[in-house]
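Biologist: Could you walk me through this structure before I plan my week? I would like to begin with its pockets and then move on to the domains.

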Amino acid sequence: MADIAKRLSTNIAGNFFVDATCINCDTCRQLAPKSFVENGEYSSVYRQPETEAENFQAYQALLACPVGSIGALVPDKTVMRAATESFPMLIEREGARLGAPGAGGGESEVFYNGFNSEKSFGANSYFIRHPDGNWLVDAPRYMKKLVDTFERMGGITYIFLTHEDDIGDAPRYAKHFGAKRIIHRADADAQPDAEWIIDGLDTVEASPDFRIIPVPGHTDGSMALLYRNRYLFTGDHMAWD
Ligand code: SF4
């Protein structure tokens with residue numbers, strides 16, 4: 001929960017603010033770029049939401065913030081509830097881009113999970129609903145809301161861990177769903193009991209739709225996941241300073 005006493009002076013006046021516990025993970029700036037901006041070592045609110053859509057996005061950012069650094073002076077519980085329900089957020093179903101969340105009967109769906117975890121420094125995580133078994137790509141906070149939704153969508157078969165920093169609550173999701181965690185041997189110290197350890201530098205075809213590509217660099221055991229030749233989940237492989 002954000003603390004008004006720690007409100008950063010870089011915030012513009014108004015309902016939303018960021019406090020000094022921000023870890024500068026970028027999540028809020030991705031979800032609500034019209035309200036949040038990087039400011040030195042923190043994010044701050046540079047413009048208060050002016051439309052319903054911007055307000056909704058600011059609440060999504062508040063919920064996804066891994067360390068609870070975003071506050072609203074006058075919280076709107078109705079919008080907060082709707083923003084909670086918007087996660088996991090549908091990115092694409094059956095090749096047609098959609099803007100609304102959902103769990104319909106499409107052949108394949110890709111979601112952004114929200115509820116980023118402090119344990120993974122606020123990394124994004126994703127859920128792929130697939131007829132041959134669902135995949136979690138890195139792991140969000142362990143939240144009942146997400147667990148219930150994943151259950152409704154058929155559970156989790158695999159948890160793909162891009163690298164050692166982005167484990168999040170993967171062990172709890174693995175235990176609950178009986179999922180196989182996948183990690184590279186060079187990063188396996190972070191998950192020594194992972195069910196599937198990848199060795200070497202060769203691409204592994206996990207199934208015709210899923211290719212695991214070792215990409216050492218950010219960490220020795222970094223890996224990318226190529227899904228249907230359309231989505232490349234890269235973890236921090238493309239991150240730069
Ligand atoms: S999501 Fe939270 S921790 Fe991350 S940059 Fe925004 S305010 Fe900071």
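Modeller: A word on terms first: helices (H or I, at least four residues) and strands (E, at least two) are DSSP runs, numbered from the N terminus. This is a predicted model, in which local features need pLDDT of at least 70 and side-chain atom pairs count only at pLDDT 80 or more, while totals for chains, interfaces and linings use all residues. Residues are numbered from 1 along each chain as its sequence is written, and side-chain values use heavy atoms, with hydrogens and water left out.

Biologist: Fine. What volume does the largest pocket have?

Modeller: About 870 Å³. On a 1 Å grid over the protein atoms alone, a pocket is an open set of points with protein on both sides within 12 Å along at least five of seven lines, a cavity is a set where a 1.4 Å probe fits but cannot get out, and lining residues have an atom within 4 Å of a point. Grid points are joined across faces, edges and corners, and a volume is the space filled by probe spheres set on the points.

Biologist: And which residues lie nearest the centre of that pocket?

Modeller: Of the 29 residues in the lining, Cys-25, Gln-30, Gly-235, Asp-236 and Ala-239 lie nearest the centre. Helix α1 (27-31) and strand β16 (231-233) each supply at least two lining residues, and the largest share, three residues, comes from α1.

Biologist: How does the lining of the largest pocket divide by residue type?

Modeller: It has 11 nonpolar, 10 polar and eight charged residues, where Ala, Val, Leu, Ile, Met, Phe, Trp, Tyr, Cys and Pro count as nonpolar, Asp, Glu, Lys and Arg as charged, and the others, Gly among them, as polar.

Biologist: How many cavities of 30 Å³ or more are there?

Modeller: There is one, with a volume of about 90 Å³. Its lining has 14 residues, and Cys-22, Cys-25, Cys-28, Cys-65 and Ser-69 lie nearest the centre. That lining divides into nine nonpolar, four polar and one charged.

Biologist: Switching topic, what domains is the protein divided into?

Modeller: The division is into domain 1 (4-83) and domain 2 (88-233), with bounds from an automatic or database domain assignment. Their contact (heavy atoms within 4.5 Å) takes 11 residues from domain 1 and 11 residues from domain 2. Each domain also gives at least three residues to the lining of the largest pocket.

Biologist: How much area do domain 1 and domain 2 bury between them?

Modeller: About 740 Å², 54% of it on carbon and sulfur atoms, where buried area is the accessible area (1.4 Å probe) that two parts lose on being put together, summed over both. On the domain 1 side, Leu-63, Ala-64 and Pro-66 lose the most area to domain 2, together 42% of what that side buries.

Biologist: What about salt bridges?

Modeller: Taking a side-chain nitrogen of Lys or Arg within 4 Å of a carboxyl oxygen of Asp or Glu, the count comes to 14, with zero across the interface of domain 1 and domain 2. One pair is Arg-93 with Glu-109, whose closest N and O atoms are 2.7 Å apart. Arg-93 lies in strand β5 (residues 89-93) and Glu-109 in strand β7 (residues 109-112), so the pair ties together parts 16 residues apart in sequence.
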